[in-house]
Amino acid sequence: MIVELGAFALILSLMLSVAQTGLSAVGGARRSPVLAGAGRGAAVATFVAVAVAFAALIHAFVVSDFSVANVAANSHTAKPLLYKVAGAWGSHEGSMLLWCLVLTGYGAAMAFFGDSLPPRLRAYAIAIQGALGVMFLAYTVFASNPLARLIEVPVEGRSLNPLLQDWALAVHPPFLYSGYVGFSVVYSLSLAALIEGRIDAAWARWVRPWTLAAWSLLTVGITLGAFWAYYELGWGGWWFWDPVENASFMPWLIGAALLHSAIVTEKRGALPGWTAFLALAAFTFSMLGAFLVRSGVLTSVHAFAVDPTRGVLLLMMMGVAAGAGFLLFGLRAGSLNPGGQFRPVSRESAIVLNNILLSTATAVVLLGTLYPLIREAMDGEAVSVGTPFFNLTFVPLMILAFCVLPAGPLLAWKRGDARGVARKLWVVLAAAAALGLVAYGIVQPRKALASAGLALGFWLLGGALLEMAERLKLFRAPAAESIRRAKGQPRGAWGTTLAHAGLGVFVLGASFETAWRVEAAQALSLNESHALGAYTLTLTDVGTVEGPNYLAERGIVKVLNKAGNEICHAEPERRFYPTGSQTTSEVAICPRMLDDIYVVLGERRAGEGGKPAWLVRAYVNPWVRLIFLGPLIMALGGVVSLSDRRVRLGVGRRAGEVVS
């Protein structure tokens, strides 16, 4: 009965979404507070209906209702409760329902919290958000229904992919989708503003908090995904330029460019057209990610489906949404006010350069992701684009962006003082260069490029701290005045410092871990050892353990330092899941300050003298913790900025506008 209630709620949400679109559009066109208010009510009701459907799906997973096709295909009675719940969004159908939940949730948020928006623009934005809801809900109802029943009910389900049964991946999709779909609000506001013909400073201020929220959530989602890949897949890395990883990275890059561009439009009224273009592109890349993951064109552990038919529908939806947006942009672009003028040396120019580099980097990632698909479609030849391509194209662009970044916040608007900024930054530059040289002289083996990467990380971190120090007049004013200034600083300024400092922390971790990772692999019998850099690993025991829905072979590996002292007791596993007959590796990680000692237990094989042996693969990943800490600091910076009242509240309405 609960499943039927959920199915009814899902169909009802589609009809309510149609009503939201129509009422809001007509209310905006006729300037009718009554119709616009009804549209807002329909937006809230749509979200409630989708939430009921989503709750029904989760209930079906929790009680193991195998009469629901989605549950039978992705759950099992022996699964732990957390993974039963996560199974609700671990499939193609469930993930689309989660997408719809987030999409309609943002529409309801606009209805609730959009009082600062001009009524007509608000009505149009809610109408466009409703139109997006109509497309995705129709797709879910007619092509990807997560609550469809089975005629013949199996006794047991087939269970979720064991690789996805992990806490990080359980919470990864909700964060990722909240970021992905958050850009739909930016898209809707941009399209509504293009209809209204008011891409201006006020519009940029309305767009910025939604962009901040979406970008921060997407940052957390990507970080969780990278962390899952690091410790669950057993290959020792955290990023592989997998096409599905790129699918989430592209909207993140465009979102970062949009954040900076919106500041220029808000503060100076400049770049309005470019900011609107980025706003449309951000959600377009999000929809592209949905297509890549669900169309079957990619083979990846991250992918949800191998169904070209449904993939074509998603491609058509992306074409409609992106086509409508960019068509209207093209029609309106000539009438947009070019905005304020600025000198080549100014904060505006620094942000423009930042935008050019980020947009070019996004184009490079897009090319590397789509080229193999295009090549295979044209001549049937399978090609791959991997790490070497991105190292040669993407990395230099980002290095250039990082070199310029610390100078931007120190430059004045409209006309900056390049010499004055250079005088302020020379200490940071000297310190970063010195630290890079120290790393080159001390860390073995010597690696010039990696040491330069460390210097770049220190440059970013030092530049962020210097910018805040300038605001507080540290060491240039009495301590009491600096404290007073610190208390009076807007949260947006603190957020910017955190975001830029977090980027520096990430660059430090990525440079050090990538260059100086130590790897060793050897087949060991019991009580045999092998060296791993400055450590010695000894396999002392291998036993069998039983989990809630798996059987595991668990090894006991002692890690000793040069002095012979045990510093770690690692217990890697090889797990076998009878349901689905799949085997996975469970990594053992021994944290050492910023480093990890990473141990993987391989298959049993015959050793010397016929004794059983196991392949033990291990890594020392130096400073790897910074790789995951840096993005979280960046996301925290976004949250702190979002808490700034000046960012959260929109500007006043135009004179004479009626508040509905």
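Two rings of Phe, Tyr or Trp (its six-membered ring) count as an aromatic pair if their centres lie within 6.5 Å. With that in hand, here are some close-up views of this predicted model.

**View A. Aromatic pairs around Trp239.** Across the whole structure, a search turns up 32 aromatic pairs. In one of them, Trp239 meets Trp241 edge-to-face, with 6.0 Å from centre to centre and 85° between the planes. Trp239 also pairs edge-to-face with Phe249, at 5.6 Å centre to centre and 70° between the planes. Because Trp239 belongs to the loop between helix H8 (201-232) and helix H9 (243-268) while Phe249 belongs to helix H9, this pair ties together parts ten residues apart in sequence.

**View B. A cluster of linked rings.** Ring pairs join Trp215, Trp239, Trp241, Phe249, Trp252, Phe389, Phe390 and Phe394 into a cluster. Two of its members are buried: Trp241 has 11% relative accessibility, and Phe249 has a relative accessible area of 14%.

**View C. Phe394 and the largest nonpolar core.** This core holds 125 residues, and Trp99, Leu189, Trp203 and Phe394 touch the most other members. Helix H7 (residues 167-196) supplies the largest share, 14 residues. Leaving aside residues up to four places away in sequence, the contacts of Phe394 include Trp241, Phe249, Leu253 and Phe389.

**View D. Helix H10, residues 272-294.** Its 23 residues should span 33 Å at 1.5 Å a residue, and the 34 Å between its end C-alpha atoms agrees. Since 21 of the 23 residues are buried, H10 is largely enclosed by the rest of the structure.

**View E. Arg446 and Tyr440.** Here the charged end of Arg446 sits over the ring of Tyr440, 5.8 Å from the ring centre.

Methods: Residues numbered from 1 in each chain as written. Predicted model: local features only at pLDDT ≥ 70, side-chain atom pairs only at ≥ 80, totals over all residues. Heavy atoms only, no water. Helix = DSSP H or I, 4+ residues; strand = E, 2+ residues; numbered from the N terminus. Expected span 1.5 Å × (residues − 1). Buried < 20%, exposed > 50% of the residue type's maximum accessible area, 1.4 Å probe, protein only. Core = buried A, V, L, I, M, F, W, Y, C linked by side-chain atoms within 4.5 Å. Contact = heavy atoms within 4.5 Å. Phe/Tyr/Trp six-rings, centres within 6.5 Å; stacked < 30°, edge-to-face > 60°. Lys NZ or Arg CZ within 6 Å of the ring centre and 35° of its normal.
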